[in-house]
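User: Hi! Could you walk me through how the labels for this model are assigned?

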Amino acid sequence: MNLLLDVSTATSGNRFPLAFTLVYVIGFIAAVSIGSIAWYNSKRPAGWESKERPDFIPKVDKES
């Protein structure tokens, strides 16, 4: 069993590719940004009705 573990770590290495990490980080930032814009443009939850929209959130018009 130890031989199999030694062979698998020797061939694959211990480094996680930087490209995968960047994709995950950029994807997370994009998801949070898009989600925040959608949340601010939706109907406000209870207690948030009187709050102002932040300046950096764009106004999205609904198509009815």
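User: Why is Lys-59 called exposed?
Analyst: Happy to explain! Lys-59 has 59% relative accessibility, and exposed means over 50% relative accessible area, buried under 20% and partly exposed in between, with a 1.4 Å probe and protein chains only; therefore Lys-59 counts as exposed. This is a predicted model, where local features need pLDDT of at least 70 and side-chain atom pairs count only at pLDDT 80 or more, while totals for chains, interfaces and linings use all residues. Residues are numbered from 1 along each chain as its sequence is written, and side-chain values use heavy atoms, leaving out hydrogens and water.

User: Which residues does Lys-59 touch, leaving aside those up to four places away in sequence?
Analyst: Asn-41 and Arg-53; contact here means heavy atoms within 4.5 Å. Lys-59 sits in the segment after H2, and its C-alpha atom is 8.9 Å from that of Tyr-40, 19 residues apart along the chain.

User: And why does Phe-20 count as partly exposed?
Analyst: Its relative accessibility is 45%, so Phe-20 falls in the partly exposed class. Phe-20 belongs to helix H2, residues 18–41; helices (H or I, at least four residues) and strands (E, at least two) are DSSP runs, numbered from the N terminus.

User: What does the secondary structure of the protein chain come to?
Analyst: Two helices and zero strands. Of its 64 residues, 6% count as buried.
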